[in-house]
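Visitor: Please show me the protein, and then I will ask about its strands and cores.

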Amino acid sequence: MIYLIMRLRGLLLAAVVVLLAACGPRRMPIDLTPYVWPPSPLEPKIKLIRLIATDLDIRTPSTLEKLFGEESTMSFGKPHGIAVDKEGNIYVSDSYSRRVHVLNIEKQSIGELVNAYGWDVPLGVAVDDKNELVAVADAGANKVYIFDRRSRSIERIIGGEGGFRNPVGVAFDPDRKIIYINDSKIHEVHSYTLDGKFISKVAYAGAGVGDVYHPALMDTDNEGKLYVVDTMNFRLQIFDPTGGPTVAFGEHGDRPGMFARPKGVAVSDDGYVFVTDAAFGNFQIFDKNGMAYLYVGSPGRAPGRFNIPQGIAVDSKDRVFVVDQINKRVQVFQYLSERYKQSMSLEPAPAPAAGPKPQ
């Protein structure tokens with residue numbers, strides 16, 4: 001009997017050793033608190049709060065994964081465009097894997113926009129919360145697909161044979177029920193109704209005011225103004241809601257406020273403009289008048305650094321989502337706006353720790 005018990009103990013110990021050996025390496029959390037801009041002692045305006053590279057950065061590992069090691073089921077290949085809707089769904093286009101991922105941090109959900117016709121080269125992404133739409137520009141298919149945001153089914157398709165030659169950027173004007181689409185190959189920006197009917201050419205090829213040369217991603221603000229990254233003119237073009245050019249800022253150079261290869265743009269609710277630059281490996285923030293306010297990041301692989309940043313989006317919580325393309329991730333920053341500070345001050349204070357009752 002004693003021999004049998006010892007034998008069982010030995011087998012149990014061996015099983016534990018094998019089990020521990022089989023367990024995969026644990027993902028160590030990264031301390032992101034040091035990553036703030038500008039650095040101390042100046043008052044911080046931006047802080048890094050999350051890195052998203054796989055589904056494991058969104059969801060909680062299962063019990064089996066905690067026991068045997070975590071298994072990733074989603075990762076980025078070559079992410080490009082990004083948009084965020086009012087429910088916190090993050091849409092990320094991936095031209096390498098030919099997918100449009102739909103991620104939600106709060107719900108810990110991972111999904112995708114399924115294109116019944118198949119994705120070719122999905123690039124620009126835009127969300128229209130008011131009219132419940134999501135648009136994706138497919139540069140390979142020369143089409144823009146418009147989805148119902150709730151059902152995630154295709155509502156309509158703009159483009160096709162004889163239409164676009166390289167659609168890259170898309171943006172909605174929800175109040176006027178307009179969608180803007182640019183074509184980087186023919187250097188034009190067009191406007192359409194949400195039903196897909198052509199309205200006008202907003203911008204033509206050229207270097208003058210209102211002209212574009214290799215336009216990239218776009219965004220609109222809450223006043224209906226259109227912001228177009230005019231990549232090879234090294235500037236950002238702004239058009240009024242009627243399509244008329246209002247102002248352009250930026251020039252070729254390596255000082256703050258200048259551009260080398262601008263790619264993505266996003267506008268916060270309070271009017272600040274965020275522009276990524278693939279060559280600089282950063283994003284710059286401009287005020288309402290086009291004055292350089294702050295730049296964030298530099299080339300590299302560490303947190304807060306970028307390797308060809310592309311799309312950028314700012315959500316209703318003033319979180320800034322930046323596609324870090326070659327590093328195959330999305331970096332999430334908190335813009336420390338006045339709205340954000342006020343929301344933090346309104347949060348209830350934590351309950352005091354229990355202690356001895358007063359005598």
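Visitor: Over how many bridges do β24 and β25 pair?

Guide: This is a predicted model, in which local features need pLDDT of at least 70 and side-chain atom pairs count only at pLDDT 80 or more, while totals for chains, interfaces and linings use all residues. Residues are numbered from 1 along each chain as its sequence is written, and side-chain values use heavy atoms, with hydrogens and water left out. Strands are DSSP runs of E of at least two residues, and helices are runs of H or I of at least four, numbered from the N terminus; two strands pair if DSSP finds at least two bridges between them. The pairing of β24 and β25 is antiparallel, and the number of bridges is 6.

Visitor: Which residue of β25 is the bridge partner of V320?

Guide: The strands β24 and β25 form a hairpin with 4 residues between them, where K328 takes a positive phi near 55°. Within β25, the bridge partner of V320 is F333.

Visitor: Which residue in β25 does K47 stand opposite?

Guide: β25 also pairs with β2, in the antiparallel sense and over 6 bridges. There, K47 stands opposite Q334.

Visitor: How many residues of β25 are buried?

Guide: Buried means under 20% relative accessible area, exposed means over 50%, and partly exposed lies in between (1.4 Å probe, protein chains only). In a regular strand the side chains alternate between the two faces of the sheet. In β25, R329, Q331, F333 and Y335 point one way, and V330, V332 and Q334 the other way. The strand is largely enclosed by the rest of the structure, because the buried residues number 7 of the 7.

Visitor: Which element gives the largest share of the largest nonpolar core?

Guide: A nonpolar core is a set of buried Ala, Val, Leu, Ile, Met, Phe, Trp, Tyr and Cys residues joined through side-chain atoms within 4.5 Å. The largest one has 18 residues, of which I46, F274, F283, V320 and F333 touch the most other members. Elements giving two or more residues to this core are β2 (46-52), β21 (282-286), β22 (292-296), β23 (309-314), β24 (319-324) and β25 (329-335). The largest share is 3 residues, and it comes from β2.

Visitor: How many residues make up the other core, the one that includes I52 and V330?

Guide: This core lies apart from the largest one. I58 and V332 are also among its members, and the residues number 15.

Visitor: How many residues of β5 are buried?

Guide: β5 (residues 99-104) is joined to β4 (residues 89-94) by 6 antiparallel bridges, with Y91 and V102 as one of the partner pairs. β5 also pairs with β6 (residues 109-112) in the antiparallel sense over 4 bridges, and L103 has I110 as its partner. β5 is largely enclosed by the rest of the structure, because its buried residues are 5 of the 6.

Visitor: Which strands stand at the edges of the open sheet that contains β12 and β13?

Guide: The sheet has 4 strands in the order β11-β12-β13-β14, and the pairing is antiparallel. β13 (residues 188-193) is joined to β14 by 4 bridges, and V189 is partnered there with A203. Each edge strand has a single partner strand, so one side of it is left without a neighbour in the sheet; these strands are β11 (167-173) and β14 (198-203).

Visitor: What share of the residues in the protein is buried?

Guide: The protein contains 3 helices and 25 strands. Of its 359 residues, the buried share is 48%.
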